[in-house]
Amino acid sequence: VATEEGLKKLGVAKADCVQIAGYAQATDSLLRSDRDVLKAEGAKIAMNNAYRMAGLTPADINVAELHDCFTVMGAIGTEVIGKAEYGKGAQYWVDGKAAPSGECGINTSGGLIAKGHPIGATGIAMIGWCAWQLQGKVPAELQVKNARAAATFNIGGPICASVCTVLTPAS
């Protein structure tokens with residue numbers, strides 16, 4: 001992560017980078033009795049704030065990495081990033097829309113089941129993979145064609161602390 005001035009000092013061309021165009025964090029109550037755990041409202045707020053900062057919408061995103069610590073989180077995360085309505089996230093995957101060749105390649109890295117769940121490093125791994133997608137640096141069979149904008153959704157605790165980012169090619 002560097003500013004434009006930092007890139008110059010490092011001798012890194014801006015064209016070789018991606019931009020963190022939007023980011024946000026939100027928390028929900030830890031108590032289950034205070035919220036519907038299947039509707040990650042805090043996460044949705046964070047994602048929408050990240051989209052607003054980036055000047056993008058879910059329709060602009062065609063690459064995403066989601067915190068799939070449990071199978072249900074792949075479905076919930078798809079809803080958080082705005083690719084499916086509440087309760088329809090799993091169907092998005094069943095319909096093939098999350099495949100590298102689908103509407104939005106989601107967890108083309110293999111998700112947490114492929115890389116493990118290193119606490120603290122999970123979100124960095126998501127951002128790194130999305131950056132490689134936007135730069136066309138992932139294996140061909142996993143590369144999203146014309147990757148143009150990426151979203152990440154990372155959680156802590158039982159979906160109560162959420163961090164969301166939006167990445168774009170450097171401009």
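**Close-up views of a predicted model**

**Figure 1. Surroundings of Thr165 in strand β5.** Apart from neighbours up to four places away in sequence, Thr165 is in contact (heavy atoms within 4.5 Å) with Gly22, Tyr23, Met47, Ile127, Ala150, Ala151 and Thr152. The model is predicted, so local features require pLDDT of at least 70 and side-chain atom pairs pLDDT 80 or more, while totals for chains, interfaces and linings use all residues. Residues are numbered from 1 along each chain as its sequence is written, and side-chain values use heavy atoms, with hydrogens and water left out. Strand β5, which holds Thr165, covers residues 161-169; helices (H or I, at least four residues) and strands (E, at least two) are DSSP runs numbered from the N terminus. Thr165 has a relative accessible area of 7% and is therefore buried; buried means under 20%, exposed over 50%, and partly exposed in between (1.4 Å probe, protein chains only). Thr152, one of the residues that Thr165 touches, also has a polar contact of 2.4 Å with Thr165, side chain to side chain. A polar contact is a pair of N or O atoms within 3.5 Å; within protein, one must be able to donate a hydrogen and the other to accept it, and residues adjacent in sequence count only if both atoms are side-chain atoms.

**Figure 2. Thr78 and its contacts in helix α3.** Thr78 belongs to helix α3, which runs over residues 71-80. Its relative accessibility is 0%, which means that Thr78 counts as buried. When residues up to four places away in sequence are set aside, Thr78 touches Leu66, Lys83, Ala84, Gly89, Tyr92, Trp93 and Ile106. With Trp93, Thr78 also has a polar contact between side chains, at 2.8 Å.

**Figure 3. The covered helix α3 and the residue that follows.** Eight of the ten residues of α3 are buried, and the helix is mostly covered. The buried residues are Met73, Gly74, Ala75, Ile76, Gly77, Thr78, Glu79 and Val80. These buried residues of α3 pack against two helices and three strands: α2 (41-54), α4 (89-94), β2, β3 (105-106) and β4 (150-156). After α3 comes Gly82, with a positive phi near 85°.

**Figure 4. Two salt bridges involving helix α1.** A salt bridge is a side-chain nitrogen of Lys or Arg within 4 Å of a carboxyl oxygen of Asp or Glu; by this rule the model has three. One of them pairs Glu4 with Lys14, and the closest N and O atoms are 3.1 Å apart. Glu4 is in helix α1, whereas Lys14 is in the loop between α1 and β1, so this pair ties together parts ten residues apart in sequence. Lys14 is partly exposed, with a relative accessible area of 30%. Another salt bridge joins Lys9 to Glu5, with the closest N and O atoms at 3.5 Å. Lys9 and Glu5 are four residues apart in helix α1, so about one helical turn separates them. Both Lys9 and Glu5 are exposed.

**Figure 5. The salt bridge between Lys115 and Glu65.** The side chains of Lys115 and Glu65 form a salt bridge with an N to O distance of 3.7 Å. Lys115 is found in helix α5 (residues 111-115) and Glu65 in strand β2 (residues 63-66), so the pair ties together parts that are 50 residues apart in sequence. As regards exposure, Lys115 counts as partly exposed at 33% relative accessibility, whereas Glu65 counts as buried at 0%. The strand of Glu65, β2, is also among the elements against which the buried residues of α3 pack.

**Figure 6. Asn107 and Asn146, two residues with positive phi.** Most residues other than glycine have a negative phi. Asn107, which is not a glycine, has a positive phi near 50°. The position of Asn107 is in the loop between β3 and α5, and this residue is buried, its relative accessible area being 8%. For Asn146, likewise not a glycine, phi is positive at about 55°. Asn146 is located in the loop between α6 and β4. With a relative accessible area of 58%, Asn146 is exposed, whereas Asn107 is buried.
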